[in-house]
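Here is a friendly walk through the interior of this protein, taking in its cores, a helix and a set of strands. Have the structure open beside you as you read.

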Amino acid sequence: MRVAAPAQAAARSGRSLYWLRRDLRRGFAHARSCRTGLSGGCRSPASAVSAAAPSLRPGRSFAELRMFSELSNLLNTSPDKVEQGKLTLLCDVKTDGSFLVHHFLSFYLKAHCKVCFVALTQSFSHYNIVGQKLGVSLTIARERGQLVFLEGLKSAMDIFFRPQEEPHPLQFLREASAGNLQPLYEFVQDALKPVANGEAAWRCPVLLVDDLSVLLSLGVGAVAVLDFIHYCRATVCWEWKGNIVALVHDSGDTEDEENDILLNGLSHQSHLILRAEGLATGFCKDVHGQLSVLWRRPLQPTSQRDQSLTYQYKIQDKNVSFFAKGMSPAVL
């Protein structure tokens with residue numbers, strides 16, 4: 001079979017480069033399915049990929065193979081074994097660390113955990129589109145009660161059109177002194193409160209916040225945000241044996257006392273810290289940044305208390321590849 005035929009036909013018809021590349025991908029996929037000798041003869045490209053994917057590991061769907069598997073391997077975790085009672089701090093410096101948020105969101109949904117997602121930076125459709133690339137549907141998860149989604153961008157406008165006495169998680173936005181996050185805590189508590197009957201049994205509750213730095217920008221003090229996380233830890237991590245994942249921006253060289261207080265306070269409480277940084281040398285198309293991973297084990301001996309590793313990474317369309325410093329495939 002000649003796989004170059006679709007390309008020649010596309011060039012003669014004057015179609016765009018997008019359609020040309022699509023035909024080439026389909027041609028190569030179809031050729032591979034014929035050579036592998038799959039039962040049923042030469043299948044279509046979509047069926048060939050879906051048939052070959054589960055053979056990589058029995059019991060795993062093709063959707064599960066699209067998550068950030070390399071990051072899960074670095075952290076030594078999988079949806080089958082989820083640690084409980086942990087606080088994970090995500091931090092980004094001079095780069096965008098949102099890919100870490102998308103990873104943990106898809107990870108905990110696939111692990112059948114009850115997730116409360118406080119999204120203060122993007123819309124629901126944004127997270128849903130990225131989640132579909134990683135093999136999860138936020139729409140389905142919300143409909144079946146697994147996901148409770150607080151869309152901060154939308155709620156910030158709705159709150160001003162509600163009666164003053166009606167409670168709202170972002171009540172502090174219309175208060176003179178924006179420092180009371182108790183309504184937000186009560187929203188998290190109601191969303192993740194275990195129910196004995198009438199609902200599906202989820203593995204453990206998870207609070208995901210993207211991101212806490214937005215609260216500082218809205219006028220909430222760092223001490224109030226730390227108090228909010230403290231109460232969430234007492235309820236979600238200690239009482240219900242769940243997990244908390246929160247993203248905080250690092251101001252870097254910029255002097256921001258409130259942000260530094262928040263970041264330092266959360267760093268001392270966290271069990272796992274993932275710090276994404278931009279390259280000191282500037283932009284590179286083959287290396288997008290470096291990720292520092294710090295495991296903090298306060299109950300271990302001093303020599304084993306903290307363990308850190310640093311990797312460089314490249315963000316792709318549906319995956320993130322990690323490698324040691326200077327070991328990028330583009331420079332080897």
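## Two nonpolar cores

The largest nonpolar core has 41 residues, and those with the most contacts inside it are Tyr-108, Phe-117, Leu-147, Leu-274 and Leu-291. Helix α5 gives the most to this core, with 8 residues. Apart from it lies another core, of 40 residues, which includes Cys-116, Leu-120, Val-188 and Val-209. Do keep in mind that this is a predicted model.

Leu-147 is a good place to zoom in. Leaving aside residues up to four places away in sequence, Leu-147 touches Leu-109, Val-115, Phe-117, Phe-124, Leu-138, Ala-141 and Arg-142.

## Helix α5

Helix α5 covers residues 98-110, 13 residues in all, and its first and last C-alpha atoms are 19 Å apart, close to the 18 Å expected at 1.5 Å a residue. Just after α5 comes His-112, which has a positive phi near 60 degrees.

Is this helix enclosed or open? With 12 of its 13 residues buried, α5 is largely enclosed by the rest of the structure. The buried residues of α5 include aromatic ones such as Phe-99, Phe-104, Phe-107 and Tyr-108, and also His-102, His-103, Ser-106 and Lys-110.

An α-helix has 3.6 residues a turn, so residues three or four places apart point the same way.

## Strand β2 and its neighbours

Strand β2 runs over residues 114-119, and 6 of its 6 residues are buried. Both of its faces are covered: one side carries Lys-114, Cys-116 and Val-118, while Val-115, Phe-117 and Ala-119 sit on the other.

Which strands pair with β2? One partner is β4, which lies parallel to β2 and is joined to it over 6 bridges; here Cys-116 stands opposite Leu-207. Another is β3 (residues 147-151), also parallel to β2, with 5 bridges between them. In that pairing, Ala-119 faces Glu-151.

## Strand β5 and its neighbours

Strand β5 takes up residues 243-249, and because 6 of its 7 residues are buried, β5 is largely enclosed by the rest of the structure.

Strand β4 (residues 205-210) is joined to β5 by 4 bridges, and the two run parallel; Val-206 stands opposite Asn-243 there. Strand β1 (residues 87-93) also pairs with β5 in the parallel sense, over 6 bridges. In this pairing His-249 of β5 is the bridge partner of Asp-92.

Note on methods. Residues numbered from 1 in each chain as written. Predicted model: local features only at pLDDT ≥ 70, side-chain atom pairs only at ≥ 80, totals over all residues. Heavy atoms only, no water. Buried < 20%, exposed > 50% of the residue type's maximum accessible area, 1.4 Å probe, protein only. Pairing = 2+ DSSP bridges. Expected span 1.5 Å × (residues − 1). Core = buried A, V, L, I, M, F, W, Y, C linked by side-chain atoms within 4.5 Å. Contact = heavy atoms within 4.5 Å.
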